[in-house]
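Me: I am new to this structure. Please take one part and walk me through it closely, then show me what surrounds it.

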Amino acid sequence: MIEQLNPYQSQAVTHEDGHALILAGAGSGKTRVLTTRIVWLIQQKLISPHAILAVTFTNKAAREMKSRIAAMLPINVGGMWVGTFHGLCNRLLRAHYRDANLPQTFQILDNTDQLAAIKRILKAGNFDESKFPPRDVLRFIASRKEEGLRPDAVQAQDPYSLRMVEIYRLYEAQCQREGVVDFAELLLRCLELLERNPVISQHYQQRFQHILVDEFQDTNRLQYRWLQCLAGPRSFMFAVGDDDQSIYAFRGARVGNMVDFERDYAKGHVIRLEQNYRSYGHILNAANALIANNTERLGKNLWTEQGEGEQIRVMELASDHEEAQWVVDEVRALIRDGMSRSDIAILYRSNAQSRVLEHALFTSGIPYRVYGGLRFFERQEIKHALAYLRLTASLDDDNSFLRVVNFPARGIGARTLENLTDQARTYSTPLAQAVARVAGKAGSSLVQFCGLIQRLTEASRTLPLSELVDEMIEVSGLRAYYQTQRDGSERLENLEELVTAAKVFEIEQSFSGLPAGLTPRQINQNSPDPFEQAPAIGQADGVDEALSPLVAFLAHASLESGDAQADDGTQAVQLMTVHSAKGLEFDAVFLTGLEDGLFPHENSIHERDGLQEERRLMYVAMTRARERLYMTLAQSRMLHGQVRYSRASRFVEEVPPEHLKWLSARAADNVWLDLAPMSTATSGRRSSSGAGFSQGPGATTTMARGVEVGGVQYRAGLQVSHPRFGEGTVLTVSGAGLDAQAQINFADVGVKTLALGIAKLTVLS
DNA sequence: ATTGTGCTCTCTATT
DNA sequence: AGAGCACAAT
């Protein structure tokens, strides 16, 4: 295994004397080094798998690492401490919930939940929402927590900040009362647990002899302190990172942690991995040239032994729809040439851009898979269902109570809820315990609602998880509600999918070496480790302490917002944001929407640091490609319901021209026709004529050839007419005989691919 | 008092 | 596109 590594990689893998910092460029085999090192530690250094802690940022990365280790070693990786910061903190807090001052069933708020909680605070305290926008409050609280500051520790002088701190304090109290934590709280609470309980932290310090951190450049202050807490005097830290790929400053990431880490721990043990095994020369050098525009880099020079490869193909199109169609046509050509669908990725800066691309892929019948965006566990029907389940697990969860008390509608309106809230506040009880005090018709509806939840709570003690979920969907009325809704069928399917997800979770739990029901046997008693001997759920000796499958499932839903959802095994083109593409690689990458204002995003253009972060993001995007990289841009784009016109991204200009191959005319000398009709096009669907659809001089090879079918010579540019689609222009032709196909841009219906042997076409010109 | 409808406003990225 | 709000209809 080590023989296949280059000298620097193997130096990193077998590093022995203390801590180390690995500066690993894009595509330099970073994950390979991490996993190989873990295997090496276990196999060669005879370190127990339990003595290793490996931290990543995304669940995807954690899964990847586990599966690679599992492939190399015959051990149960499920029991290893490999996970995301948030996931591992969750694990620790569940185990030591008493010391962390949390109920064992504490729930995790995602962004939307957190926002709802903040809105409740603002409403209850009569804060002016226009002066204190919930989003700003959320950012304020999150960034304070990421600095490790509780309300008392925040320095505030001006009236505005003082009010913010007040809201922060109220928010904390509310969360504590209701037994919920947000993402930042998971980390902060866990850190405080370790800092305040020497017995606990010493236990873990002795246990974790090796701590490995992936994507170290993305750690924030809190995470750094968390690592410092877990690393004991005899632990070795192994941090892998690339300052050029730091793209999470917006959530507190601090590249400076790398410098600090070298000063505090690595002390000169810095290993650079600069050989890139992923991309061909043009792609790599283009990315190198781009990132060279950033200042304050630690400095790295990536090189490759692979040849130059192909230039980056750049295409400018008139509109976002044409961009999408062009990308789809090109994707089809790649697939036809034998590329696997899952080796093709379409990337964009923001999730909103995926719609148009999805539409084009869908109409072309190309299987695709979208990552991120509105994820499974974030859909409204799923959130409703989860709220019922959360209430089932804990009646104190007022957030969830308010979400579903009147959904589906059961005659409990705003007025009633105001009464209820008043009662709950007066007697300082959770909402559910105040229902008895509300009289009247709505009051009895409230009592009924609570009865419903109580029945579910009872059912949760006996029913398996998936049956409980199914039962909940039924008795809550959610199923009936979505059955009556016009567009409810997809939501119904999602609810059924939730039952399946619960079933899968049950099964995984029963196989996993790491049961959800960990119990924190007293650490200072002779049991050396609470986790190694934790009983499986339902085993006699931990029943009262064990975490119920329901609570474990709810935590799972919050922490993994659903990117692992049904990978049904079909080969599909991958659609995702640049952020979620980090760490992945593909044969062909389409980088779309390269327009100033979109990428770089307009919110970051005016700050220097913002622009540098955007440039790193661009660098990440480009270095995802192995063989072929496309960059596309649209002159006009539907954004926020309005057509916007943009220029090419400055990042395209920053790439030396020798690496680029323009398929459209070069942006600067391109004259575009017919922009006006597009902006007025009422449906906003497609440009009204083919005039804007320029294929430019050097487009794909399939276009040049002609095809002869039934005595007619088809070639690009030919004007044809179709009985149903109307008039159009032939864009590309391919295949021969019965397989001959043409892509035709119809004035009325856009681009269609037709089989020439079947379609009834009339030649016009 | 509650529910449904139509209008405005916002909208970067992730755990 | 989705959420929040005002208004009308029950």
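The reply below starts with the open sheet and moves outward from there.

Reply: Keep in mind that this is a predicted model. Start with the sheet. It is open and has six strands. Their order is β3-β2-β6-β7-β1-β8, and the pairing is parallel. The edges are β3 (81-84) and β8 (270-273), and each of these pairs on one side only. Neighbouring strands are turned against each other by 15° on average, direction ignored.

Look at one edge in detail. Strand β1 covers residues 20-24 and runs parallel to β8. Four bridges join these two strands. Leu23 stands opposite Arg272 in β8.

Helices pack on this sheet too. Helix α3 (residues 59-72) touches β2 (52-56) and β3. The direction of α3 makes about 155° with that of β3. Helix α4 (residues 85-95) also packs on the sheet. It touches β2, β3 and β6 (210-213). The direction of α4 makes about 120° with that of β3.

Now step back to the whole chain. Chain A is divided into five domains. Domain 1 is made of 7-98 and 187-275, while domain 2 is 107-178. Domain 3 combines 312-374 with 564-662. Domain 4 combines 377-526 with 545-561, and domain 5 is 710-763.

Take domain 2 and domain 4 as a pair. Their C-alpha centres lie 25 Å apart. Twelve residues from domain 2 and 14 residues from domain 4 make the contact. The two domains bury about 1100 Å² between them, with 44% of it on carbon and sulfur atoms. On the domain 2 side, Gln107, Ile108 and Glu178 lose the most area to domain 4. Together they account for 51% of what that side buries.

One residue to find next is Phe183. It sits in helix α8 (residues 183-196). Its relative accessibility is 26%, so Phe183 counts as partly exposed. Beyond its neighbours within four places in sequence, Phe183 is in contact with His86, Ile108, Leu109, Asp110, Asn111, Ser558 and Leu559. Ala292 is 109 residues from Phe183 in sequence, and their C-alpha atoms are 34 Å apart in space.

Finish with helix α13. It has 17 residues, 320-336. At 1.5 Å a residue, α13 should span 24 Å, and its end C-alpha atoms are 24 Å apart, which agrees. Of its 17 residues, 15 are buried, so α13 is largely enclosed by the rest of the structure. Just after α13, Gly338 takes a positive phi of about 105°.

Note on methods: Residues are numbered from 1 along each chain as its sequence is written. Chains are lettered from A and ligands numbered from 1 in the order in which they are written. This is a predicted model: local features need pLDDT of at least 70, side-chain atom pairs count only at pLDDT 80 or more; totals for chains, interfaces and linings use all residues. Side-chain values use heavy atoms; hydrogens and water are left out. The expected span of a helix is 1.5 Å times one less than its number of residues. Buried means under 20% relative accessible area, exposed over 50%, partly exposed in between (1.4 Å probe, protein chains only). Two strands pair if DSSP finds at least two bridges between them. Axes are lines fitted to C-alpha atoms, for helices over the stretch in contact, and angles run from 0 to 180 degrees between N-to-C directions. Contact means heavy atoms within 4.5 Å. Domain bounds come from an automatic or database domain assignment. Buried area is the accessible area (1.4 Å probe) that two parts lose on being put together, summed over both.
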